[in-house]
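Hi everyone, thanks for coming. Let's have the structure up on the screen, please.

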Amino acid sequence: MLLTIRSLTKTFPGTRALDAVDFDLRAGEVHALLGENGAGKSTLIKCLTGAYQRDEGELHLDGAPISPASTQEAQALGIGTVYQEVNLLPNLSVAENLTFGRQPTRFGMIDQRAMRHQAEELLSGYGLGVDVRRDLGSYSVAVQQLVAIARAVALSGKVLILDEPTASLDARETAMLFDVMRGLRDRGLGIVFISHFLDQVYEVADRATVLRNGQRIVTEETARLDRLRLIEHMLGHELEEQTTEGARHAAQPAAPDERALHFDGFGRRGKIEPFDLSIGRGEVVGLAGLLGAGRTETAEVLFGVHPAQSGTARAPEGPLDLGNPRAAIAAGFGFAPEDRKTDGIVADLSVRENIALALQARRGWARPLPRAEQNRLAEHYIQRLDIRTSDAEKAVGDLSGGNQQKVVLARWLAMNPRFFILDEPTRGIDVGAHAEILRLIEEVTEDGMSILVISSELEELVAVADRVIVVRDRRHVAELTGTEIATDRIVRAIAAPDAKAGEAA
Amino acid sequence: MTARSLPLFATIAIFLLAYLVCYLQFPAMLSTRVIGNLLTDNAYLGITAVGMTIVILSGGIDLSVGSVIAFAGVFIAVMLRDTGLHPLVVFTLLLAITTAFGAAMGGLIHVLAMPPFIVTLAGMFLARGAGYMISVDSVPIDHPFYDVLKDAYYLMPGKGRLTLIGVVMLLSVGAGMVIAHRTRFGTNVFALGGGVQTARLMGVDVGRTTILIYAFSGFMAGLSGVVFSIYTASGYPLAMVGTELNAIAAVVIGGTILTGGAGYVFGTLVGVLTMGLIQTYIVFDGSLSSWWTKIVIGALLLLFILLQKGLLRLNARRQAARSMA
């Protein structure tokens, strides 16, 4: 065994990111590491590369215990990492990047010719027609990634960790990368491969380990791991167990509604293939799928974060312009993004200021929202959403995750949007707040607000959604209505190689 | 020709074109006398601009150099007046002080994670104030060794004088070129300019490199002060106000990208000479106000900023086109 990890544990305040995880990597294998957001993949990688210090557990490389304290140390031990965002310098030449820190020198000066030679030698096994004298930045991301891999292999040479290397590559480039990976595997490297694309996992990985909620669920040869089972492991659902109670879908048939919003052929290349979507007044549409399958991408296209390149949007009063978030807000849209820490709240501003933010933005800077009105708004939503804060002037950054999320929701509710997109509204918040947010969704839809909710928690979708749309590989592949909305149907639709499983009857 | 070197070639082309225009109007411009004077008159600027180039390549800025040069002049003049030290000893002392001053600024920038703009702005006031503390008035230098230095020149064919200080500038540029483009330190400087976080991940000792960068700039400013004191044979604390901005302008006109990570030290020399050429043209013309120098430099700066932005756009577009294909 090249690398063994035994009962690795890492806790952060409030969460156990890794809970006694075991992991083995053989020399000469590609080992896929799978799991949804928050499963613990990146924590595991960071413990391996020295970015984090583990709390408990043991790491053995080639039988010897290791505890890397920095990326450099991990590198020196033989563990190299290549991230999705290439961590090389585009303004230096390929040769300089490859030999960085170890440039051959003569009399204190860099020996250009020797450096070029070394770089060409390093790249020789990769089948790249690259002029090492040119700037790295003049090559495509795929080439940059391969250069990064070549550098990592040259520096480390035992374990290679590839963190979502294919996220920004096209099919041809991915194939090129896989050839390189297989070549390195045959040279005896152990490769840890992280990807959200299950097809790729089956194509290139020998074994796969699934993490969920900081625990290792399973490690299995990919050849013996059925796709459906794999997805169940990732999402945490056994087919037998069904959750339909509390569902509201029977209540409303999807009758055509002239007050609905219609999106026809909405899509954007590289994000999400064109899709049709109609949402009625007061309807809750759920969006299910694996991470990276097109959930958030759908939301971003709808909200104009990455404006659609094709298709039209139509409201009862006429066509809508959704070219950017401002336009979307003007059209009465709201969007609570997945990562509220970076995209949602302004941590240093108070609860009151955060709630008033969007409303103020709509009024324009010349017409400040009166302080009394702000106070009234803040008090109203603190009560209505049960935001746990000592007072409205407390900085949002000091609140717990669930309460931060409620502040984000309050900000949008204050705008009274007609269409509200919630991306993982319950991620990382406690059970009580979880239930309250679901209750809130019910409540606002009664007033006619339409909601698109994205979630990895299938029970949540089953409980709250009137319809569930399933995305896979950046496509809307299925729509479930009525009694079809059940966790097992959703899982099947996510897994199905072709979209028959849950097509609306 | 890569996109990286395009601004350099643009700079050289503009310089040659400008020289051609000058020559057509005043054929005397193409004499070794004019060329010799161009080097001598701009020696102090060229030297400090080499230090500035390294700083800007790393993504930083050094606003203190003008004050440091003025401080150097006063320090040398007063030391030579009040002590019996030989000028060479005074020079060594001075260079040690300015290098340490630069290193201290680099250290603060790194340790406090402060923007270089603010730290070197403080340095600018400090150095200027220190100059005043030594002397409020202009102090003449009349050391015999200075006469030797001032009269040291090589008579080029055509009676042009290649002075010692001109040679010092050319050597500085040469040294700067080797350091920036041919040493690991230089690669680290480019790496910082490309992205501090990435540079750190690739193993650059960011603190050490930052300190060395500003120490180098401090050294060059000190050397520039020595040269300026030889050039004017005096020290005056109010001298060289705004020189840091001229140096930055020369660096940018020389094709170095102001945000760091790309550029050539040689381009800076061409930038300095271009600015000097404009000045010379105005002297030859005789009727133009010297403020025209500023206007032309301003226009040139604007041109180069636009050129750089255009190139970045072009590159991005080419990149996008490639990834589509």
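I'll talk about a sheet, a hairpin and a contact between chains.

This is a predicted model: local features need pLDDT of at least 70, side-chain atom pairs count only at pLDDT 80 or more, and totals for chains, interfaces and linings use all residues. Residues are numbered from 1 along each chain as its sequence is written, while chains are lettered from A and ligands numbered from 1 in the order in which they are written.

Let's begin with the sheet. In chain A, six strands (DSSP runs of E, at least two residues, numbered from the N terminus) form an open, mixed sheet, ordered β18-β19-β20-β15-β21-β22. β18 (333-336) and β22 (475-481) of chain A are at the edges with a single partner strand each, so one side of each has no neighbour in the sheet. Inside the sheet, β15 (residues 284-288) and β20 (residues 450-454) of chain A run parallel, joined by four bridges; strands count as paired if DSSP finds at least two bridges between them. There, A:Gly286 has A:Val453 as its bridge partner.

Now the hairpin. Which residue stands opposite A:Gly318 in β17(A)? That is A:Ala315. β16(A) and β17(A) are joined by a hairpin through two residues, and their three bridges are antiparallel. β16(A) also pairs with β13(A), antiparallel too, over four bridges.

Finally, the chains. Chain A and chain B each bring 20 residues to the contact, where contact means C-beta atoms, placed from the backbone, within 7 Å. On the side of chain A, α2 (71-77) and β8 (109-110) are the elements giving two or more residues; helices here are DSSP runs of H or I, at least four residues.

Terms used: Two residues are in contact if their C-beta atoms, placed from the backbone, lie within 7 Å.
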